[in-house]
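Colleague: Please take a close look at a single part of this model, and then set that part in its surroundings. I am new to the structure and would welcome each term being explained where it is used.

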Amino acid sequence: MARSLWTGSLSFGLVNVPVSLVTAVRDLDLHFRQLHEKDGAPIEVQRWCANENHEVAFEEITHGYELDDGDQVIVSDLELQAVEPRRTRTIDIGQFVDLADVDPIYFVHPYFLVPAGEDDGSARAYRLLCEVMSRTERAALGRFVMRAKEYLAIVGERDGALTLTTMRFADEVRDPKDVDAATQKTHKPTRKQLDAAVAVIEELTCEWLPDKHKDRYRARLKHVVDRKRKGKTIKAPANAGQPEPAADLMAALEQTLEELSAGRSGRWSEKRTAETAS
Amino acid sequence: MPRSIWNGTITFGLTVLPIKVHSAVEDHGVHFHQVHAKDGARIKQVRICSKEDKEVPYKQVAKGYEVRGGAYVMLTQDEIDAAAGEQSHLIELEEFVRAEEIDPVVYDHTYYLGAGEDGEDAYRLLHDALARAERVGIGRWTFHNREYLVAVRALDAMLALHTMRFAEELVDADSLDLPAPSRKPTKREVEMAGTLVESLHDGFTPASFHDDYRERVLELIKAKARGEEPDLPEPAEEAGGMDLAAALEASLGTSANGGKGKDTQSGGKRTSPRPRKRTSKAKS
């Protein structure tokens with residue numbers, strides 16, 4: 001099982017459930033090391049003092065904050081620890097919300113909470129929370145501190161386990177007022193266009209099967225590494241062009257529906273190219 | 001809103017929609033530079049060749065993939081970038097799925113989409129159609145030399161795009177090996193816990209939560225800039241074991257007259273409207 005990143009307790013009213021936090025996401029990325037191109041030797045990154053131009057030991061490094069006027073304030077680890085919230089080992093649940101009320105835009109990283117206590121009482125308290133949340137479709141909002149940072153988190157239930165997802169604070173979600181969302185009346189689709197677009201979407205709807213979608217990037221990167229290992233050359237694929245927006249939305253929708261009803265749904269890109277060429 | 005970070009085209013069927021991608025979130029964390037404690041000078045990262053023991057300029061750095069202990073396949077950045085595939089600036093929505101079928105745990109990073117040149121009508125059409133059909137469009141997006149699985153959905157008056165995690169990247173709850181309690185929670189415990197959840201239930205008002213830690217760090221910095229020395233508080237202790245039913249009962253006793261789920265640590269006002277709601281109002 002995954003390594004625990006944090007251990008503490010989930011505090012729910014006066015109930016304390018000892019839990020530890022494990023990540024819910026696996027890192028499957030290919031990792032590369034920096035090499036010196038000339039001799040293929042690994043590169044070691046050293047921390048140097050910009051002033052004295054020599055290497056500095058880790059213990060001699062501290063934190064500098066640059067003020068607006070360019071002056072610098074030095075802050076030590078101890079001082080930073082001093083402003084950490086008092087209850088650093090507790091996930092304090094203050095509120096329950098309807099899951100549907102929390103937009104995923106606030107979610108940062110998903111974790112699982114696993115029971116950390118040896119005693120039967122902890123396991124039962126954990127099970128109780130799972131059961132209640134699954135039954136009510138509610139999730140808990142709470143705060144906790146991990147690695148010297150305070151997080152807002154949402155605790156929920158999935159497949160019989162408690163989940164914790166760290167969240168962004170409201171001021172970290174940008175105000176979309178400058179995004180051109182084409183909300184002017186003049187861009188409002190006609191009923192006929194909207195009906196046709198919904199019909200296209202419904203025709204192209206299938207069941208969500210997460211396993212069906214594979215990480216083609218990772219597969220291609222592995223392939224690139226394998227080819228290089230065998231001494232073959234790597235060619236960058238050609239850059240494809242961009243299709244032009246159709247002048248007549250309704251015509252594009254109607255033709256899509258025609259193609260779909262004739263069972264010729266594959267390779268839209270070729271059809272678009274054929275159209276612009278004709 | 002800063003300018004867009006990517007311009008391209010979304011297609012569904014034969015409909016073509018020029019779009020601009022904007023990041024939907026920004027990091028407000030307090031960032032420090034590493035400095036040398038002795039003289040306050042900045043720390044710089046220096047790349048040293050482990051063979052020659054000499055500094056290596058960035059231009060001479062290649063990427064190595066370890067095939068076995070200490071043996072690397074060496075690639076240039078261009079060769080790695082080739083794995084991105086066609087740099088097509090095109091997001092083709094290949095299929096649509098019902099919004100409620102997607103567990104939000106698959107959503108990774110969020111972006112806002114804006115209409116590109118001459119794309120306004122098609123933008124609004126896709127937005128309104130997704131909202132009415134309660135569907136999410138699924139496609140692939142090549143961004144910064146990497147291909148992502150993405151979901152396009154209606155978010156208030158906008159289109160939003162999420163990069164998605166692949167199924168194999170997600171840890172299965174079954175693999176956690178959760179300990180089974182000797183007996184299930186009693187009916188009474190479930191009822192009491194349900195009542196407690198109900199008493200703490202409230203609407204989600206994101207603006208009522210503040211990053212208190214960030215504010216305290218900034219206060220510390222200000223105090224130090226004025227030449228003040230901070231106090232060091234004592235660490236707190238944790239409570240030990242407990243009687244589940246008794247704790248639930250006691251919690252219900254305290255929450256009955258204690259008001260509904262306040263953000264206890266910030267004491268923030270709950271009157272400010274959601275930023276998303278406010279925006280849609282301003283637009284209409």
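Modeller: In chain A, the axes of helix H3 (residues 191-203) and helix H5 (residues 249-261) come within 10 Å and cross at roughly 35°. The model is a predicted one, in which local features need pLDDT of at least 70 and side-chain atom pairs count only at pLDDT 80 or more, while totals for chains, interfaces and linings use all residues. Residues are numbered from 1 along each chain as its sequence is written, and chains are lettered from A and ligands numbered from 1 in the order in which they are written. Helices (H or I, at least four residues) and strands (E, at least two) are DSSP runs, numbered from the N terminus. Axes are lines fitted to C-alpha atoms, for helices over the stretch in contact, and angles run from 0 to 180 degrees between N-to-C directions.

H3(A) and H5(A) make a left-handed crossing (the near helix is turned anticlockwise from the far one by less than a right angle; clockwise would be right-handed). From H3(A), the residues Lys192(A), Gln193(A), Ala196(A), Ala197(A), Ala199(A), Val200(A) and Glu203(A) take part, and they meet Leu249(A), Met250(A), Leu253(A), Glu254(A), Thr256(A), Leu257(A) and Leu260(A) of H5(A). By class, this contact holds 9 nonpolar, 2 polar and 3 charged residues. Here Ala, Val, Leu, Ile, Met, Phe, Trp, Tyr, Cys and Pro count as nonpolar, Asp, Glu, Lys and Arg as charged, and the others, Gly among them, as polar. Two residues are in contact if their C-beta atoms, placed from the backbone, lie within 7 Å.

H3(A) also packs against H2(B), at an angle of about 65° and with the axes 9 Å apart. This crossing is right-handed. H3(A) contributes Gln193(A), Leu194(A), Ala197(A), Val198(A), Ile201(A) and Glu202(A), while H2(B) contributes Leu125(B), Leu126(B), Asp128(B), Ala129(B), Arg132(B) and Ala133(B). The contact of H3(A) with H2(B) divides into 8 nonpolar, 1 polar and 3 charged residues.

H2(B) leads to the contact between the chains, which takes 163 residues from chain B and 155 residues from chain A. On the side of chain B that touches chain A, helix H2 (residues 120-133) gives the most, with 11 residues. That side is made up of 85 nonpolar, 36 polar and 42 charged residues.

Leu126(B) of H2(B) also appears in the interior. Together with Leu113(A), Leu129(A) and Val155(A), Leu126(B) is among the residues with the most contacts inside the largest nonpolar core, which has 105 residues. A separate second core has 16 residues, including Cys49(B), Ala62(B), Tyr65(B) and Leu75(B). A nonpolar core is a set of buried Ala, Val, Leu, Ile, Met, Phe, Trp, Tyr and Cys residues joined through C-beta atoms within 7 Å. A residue is buried if 20 or more other C-beta atoms lie within 10 Å of its own, exposed if 12 or fewer, and partly exposed in between, with C-beta atoms placed from the backbone. Beyond its neighbours within four places in sequence, Leu129(A) is in contact with Phe12(A), Val17(A) and Leu162(A).

The two chains also share strands. An open sheet of 3 strands runs in the order S6(A)-S5(A)-S3(B), with antiparallel pairing (two strands pair if DSSP finds at least two bridges between them). Strand S6 (72-75) of chain A and strand S3 (33-36) of chain B stand at the edges with a single partner strand each, so one side of each is left without a neighbour in the sheet. On average, neighbouring strands of this sheet are turned by 45° against each other, direction ignored. Strand S5 (residues 61-66) of chain A pairs with S6(A) over 4 bridges in the antiparallel sense, and His63(A) stands opposite Val75(A) in S6(A). Helix H4 (residues 212-225) of chain B lies across S5 and S6 of chain A and runs at about 115° to S6(A).

Strand S3 (residues 33-36) of chain A likewise reaches chain B: S3(A) and strand S5 (residues 61-68) of chain B pair in the antiparallel sense over 4 bridges. In this pair, Arg33(A) stands opposite Gly64(B).
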